[in-house]
Amino acid sequence: MDKVMASAADAVADISEGASLAVGGFGLCGIPSVLIDALHAQGAGGLRVVSNNCGVDGQGLGLLLAVGRIARVTGSYVGENKEFARQYLGGELEVELTPQGTLAERLRAGGTGIPAFYTPAGVGTQVAEGGLPWRYGPDGSVCVASPLKETREFRGRTYVLEEAITTDFALVRAARGDRHGNLVFQRSAANFNPLAAMAGRITIAEVEELVELGTIDPDAVHLPGIYVDRVVGPVPAEDKGIEKRTVREREERH
């Protein structure tokens, strides 16, 4: 039951070429940076990543993207990564864009054994009707487009069928965790982390504070250890990046 690994390198050692990964975080908030760094050093490529976004240039999943290790991304936001845009528009990267709430529910559904669900998000758009470019050719033509999805009417409203997501591995970060993998997340750093953890067949969690069993009140557990297979920690809390540093001018006091 003790799920603590000797190192992040050991924890990601069996992530193979072409593996699928669900990765927690939103921008740089709550990203499993230590595990991403270990995977960058490990060398696996052709990765199929499911994450809200793909980090930023030079940080987070952007590190793997920059060295050509990611083959496909399923996400909902890509606006802060110029290399991502270059690879996508240049035909080097396949991208499935999906509404953010739909992505969250697809991950949660995968973790709870629900194969698919109906949602109103995307009805009447290319999300449901197909034709969204998933992969471009070198000449700018669309090589792979999203398919037409099934729709159905319930109580007079149309819904689109979305399939659940499960992945080979999940990489997440938590503020606290114990040796059985029970996790506690810190405020907005929770974001996609619990959902990604649920979707992974093998879930690896890096924790800023590793505590002994019984230290975390059961009522305070955000994600039970049944979803977590490996724990790495404690990891430095001060290594977190800031995506956009915004400050106001100091007011002069008299």
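Which residue stands opposite Thr167 in strand 12? Keep that question in mind as you start the tour. Note that the model on your screen is predicted.

**Stop 1: the paired strands**

Select strand 10, residues 167–178. Now add strand 12, residues 200–211. These two strands run parallel, and ten bridges join them. Click on Thr167. Opposite Thr167, in strand 12, stands Gly200.

Stay with strand 12 and add strand 13, residues 230–232. Strands 12 and 13 also run parallel, with three bridges between them. Pick Ala205. Its bridge partner in strand 13 is Val231.

**Stop 2: a cis bond**

Move along to the segment after strand 13, where Pro234 is found. Select Gly233 together with Pro234. The peptide bond joining them is cis, with omega about 0°. In general, most peptide bonds are trans.

**Stop 3: helix 2**

Jump to residues 33–42, which form helix 2. Colour Ser33, Val34, Leu35, Ile36, Ala38 and Leu39. Are these residues buried or exposed? They are buried. Step past the end of the helix to Gly43. Its phi is positive, near 105°.

**Stop 4: the nonpolar cores**

Next comes the largest nonpolar core, with 31 residues. Select Ile15, Leu47 and Ile204, the residues with the most contacts inside this core. Helix 2 supplies the largest share of the core, five residues. Other elements that each supply at least two residues include helix 1 (8–11), strand 3 (70–75), helix 4 (82–89) and strand 10.

Zoom in on Ile15. Leaving aside neighbours within four places in sequence, which residues is Ile15 in contact with? They are Leu21, Leu39, Gln42, Ala44, Leu47, Phe169, Leu171 and Ile204.

Another core, of 22 residues, lies apart from the largest one. Among its members are Ala22, Ala104, Ala205 and Val231. You met the last two as bridge partners, Ala205 and Val231.

**Stop 5: two positive phi values**

Most residues other than glycine have a negative phi. Here are two that do not follow that pattern.

Select Arg155, in the loop between strand 8 (151–154) and strand 9 (157–163). Its phi is positive, near 50°. Arg155 counts as exposed because its relative accessibility is 81%, and the cut-off for exposed is over 50%.

Finish at Asn191, in the loop between strand 11 (183–184) and helix 7 (193–199). Phi of Asn191 is positive too, near 20°. With 23% relative accessibility, Asn191 counts as partly exposed.

Conventions
Residues are numbered from 1 along each chain as its sequence is written. This is a predicted model: local features need pLDDT of at least 70, side-chain atom pairs count only at pLDDT 80 or more; totals for chains, interfaces and linings use all residues. Side-chain values use heavy atoms; hydrogens and water are left out. Buried means under 20% relative accessible area, exposed over 50%, partly exposed in between (1.4 Å probe, protein chains only). Helices (H or I, at least four residues) and strands (E, at least two) are DSSP runs, numbered from the N terminus. A nonpolar core is a set of buried Ala, Val, Leu, Ile, Met, Phe, Trp, Tyr and Cys residues joined through side-chain atoms within 4.5 Å. Contact means heavy atoms within 4.5 Å. Two strands pair if DSSP finds at least two bridges between them.
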